[in-house]
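Biologist: Could you take me closely through one part of this model, and then set beside it whatever helps in reading the rest? I would like a connected account rather than a list.

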Amino acid sequence: MNGRVRAVLRKELREFRRNTLVVSTMVVLPLFFIAIPLASVLAVNSGTAPEAINGIVGGALLAFFLVPLMLPTLIAGYAVVGEREQGTLEPVLTTPVRREELLIGKALAAVVPSTAMAYALFGLFVTVVQLFARRDVVSLVLEPSQVVAIALFTPLLATFSIWVGLAISARSSDIRVAQQLSAVAMLPMVGVLWLFAFQVIAPTVTVAVAGAILLAVLDLGAWRIVSALFDRERLLTRYGGP
Amino acid sequence: MGACCWDGAGRELEPQKRMAPTRAGRVRPVVTLVVAMQAAIQARELTKRFGSRPAVEDITFDVAAGEVFGFLGPNGAGKTTTVRLFSTLVRPTAGTAEVAGIPVSEETGAEIRSRIAVMTETPGLYLRLTVFDNLEYFAGLYGIPSGDARDRILTALDAVGMAGRHSDRAGALSKGLRQRVSLARALLTDPRVLFLDEPTSGLDPVATREVRELIDGLRDRGVTVFLTTHRLEEAERLCDRIAILNTTLRIVGAPADLRRRLFSSALEVRTIAPLVDPDSLFSAVSGTDGWETVGDAAYRVSVRDPAAVAPELARAIVASGVGLVHLSEAAYSLEDVYLQLVSEDVEVVR
């Protein structure tokens, strides 16, 4: 990793760590995401209809897609607007750092913890399910297509989310507005994932891999758009710049 | 070895000998040997418009290497935009510029930014991070190897009197201390060209003096300093030359040179009572070009050679029977120059 990217990544992580709002949200929100799915799958009993079990497990898995999609939007809100509000944007832009280095550093700072958090939550979910849930629920949760989807989609969804968040942050003048718009911008993606989680789109390993490839292409396109938006002059003189 | 400075029209100026007060208040001679093989900053018909609104229009000037160059102008005059043009943050609409010998363009942006440092008007620190973390981040952005970063950071902090505060959280510092950290950040890379935007804004008198001494030290080390300020006395004291901008460049030159160019020599006279017939009295003294009343029993007499005219003028006033209280050469400050030029613009706008 290039030294400038490393510098951006390290600074971003230090800042998040010292921002109690970000830390508390990063901890509380995932707990909320895991608590409801766990409660619902553990509540499945012999009287639950097989269709209902499919729905419950689908809902639980959708929650794990939401973690990498939603967590980076929290962080992305700060990425540009936060810098602008603190007056740090211009000093940073006067350094030799290239826009790609700045963007990758900021993106990694959001993607890495979000992905790690999502994997950890899924690991915890699977462990609890294996220990306490019914056999038919366990086999549905450990369906290879779903596991592959979680494994592949998580970093790609987090990456997509951070590019959208950065694009919105670059054009906003208020952190909360940037965060809310980023969350709203994720809704179409949530709709697609809903179709997968609830098996409207047949969940096979091939479909999961094809979906991951499509997401990777989307990420690449989004990266190019964000990179073009991240123009020094535009950042300083528009969207609430001085 | 070439001589140092040029005026706005590109004419070479003489090296200057200035007197600078030391910390103890004594005056020490400072010979400014501004040695330049080439200009550190060069603008040629540089123009920036935002839509149809011109921010800076058709500015042409050079700043020699090692020079401390003051950039003055009212709010909205285009000073910040000019600094942003030189630091490749905004693209010129027309004209060309060179910084540290490199033509300003999209492609050369990173190279120029690696040779300069900009201290923005607001300190721009990450308030949740410590002073050290803030500077370490910028050291990383400038590509300073991590092995050297610590020494560079401590040296820069020491230069601004903040070495003992490196582990303090930036948010816990006063505005003045944040300003000092911002200055330390600008010194991290030992830049060839340093842009300082209001470096003493918000500083107490002691800190202000320290920053000014630091700028003097930078000059001695051959760093080119482009100083944007509203403090005219600061510009006059620190700068080898100044430029006054109000969208267009109004004037460029050494402060003394500007005074000579804008104001004719004059003697200021104050008497105990108003003169009965000042016109006859002043006209009778050879070497006078005119006069005006500047207060009750106070006059300003335009002369070609103040030293030659003053004794005769004093004798004439005493001979008229009116007591002479004060007679001196009129001293115009940089503020007079500034107000003269800026008020001209106000008149034009009206």
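Modeller: I will start with the sheet in chain B, bearing in mind that this is a predicted model. Four strands form an open sheet in the order E16-E17-E15-E18 (chain B), and their pairing is antiparallel. At its edges lie strand E16 (288-295) and strand E18 (324-329) of chain B, each of which pairs on one side only. Averaged over the sheet and with direction ignored, neighbouring strands are turned by 20° against each other. Between strand E15 (residues 266-271) of chain B and E18(B), which run antiparallel, there are five bridges, and within E18(B) it is His326(B) that serves as bridge partner of Arg270(B). Helix H10 (residues 306-319) of chain B packs on this sheet, where it touches E15, E16, strand E17 (298-303) and E18 of chain B, and the direction of the helix makes about 170° with that of E18(B).

Elsewhere in chain B, helix H4 (residues 146-159) offers a check on helix geometry: at 1.5 Å a residue its 14 residues should span 20 Å, and the end C-alpha atoms are indeed 20 Å apart, which agrees. The buried residues of H4(B) are Ala149(B), Arg152(B), Ile153(B), Ala156(B) and Leu157(B). Viewed down the axis of H4(B), these buried residues fall within an arc of 130°, and they therefore line one face of the helix. The general background is that an α-helix has 3.6 residues a turn, so residues three or four places apart point the same way. On the face of H4(B) turned away from the buried side are the exposed residues Gly147(B), Asp148(B) and Asp151(B), while the cover over its buried residues includes helix H3 (131-141) and helix H5 (175-187) of chain B. Just after H4(B), Gly161(B) adopts a positive phi of about 70°.

Chain A supplies a further helix to read in this way, namely helix H9 (residues 187-197), whose buried residues are Leu193(A), Phe196(A) and Ala197(A). Down the axis of H9(A) they fall within an arc of 90°, so that they line one face of the helix. These buried residues pack against helix H3 (50-86), helix H7 (144-170) and helix H10 (205-229) of chain A, whereas the face of H9(A) turned away from them carries the exposed residues Leu187(A), Pro188(A) and Gly191(A). Just after H9(A), a positive phi of about 65° is found at Gln199(A).

Conventions
Residues are numbered from 1 along each chain as its sequence is written. Chains are lettered from A and ligands numbered from 1 in the order in which they are written. This is a predicted model: local features need pLDDT of at least 70, side-chain atom pairs count only at pLDDT 80 or more; totals for chains, interfaces and linings use all residues. A residue is buried if 20 or more other C-beta atoms lie within 10 Å of its own, exposed if 12 or fewer, and partly exposed in between; C-beta atoms are placed from the backbone. Helices (H or I, at least four residues) and strands (E, at least two) are DSSP runs, numbered from the N terminus. The arc is that of the directions from the helix axis to the C-beta atoms. Two residues are in contact if their C-beta atoms, placed from the backbone, lie within 7 Å. Two strands pair if DSSP finds at least two bridges between them. Axes are lines fitted to C-alpha atoms, for helices over the stretch in contact, and angles run from 0 to 180 degrees between N-to-C directions. The expected span of a helix is 1.5 Å times one less than its number of residues.
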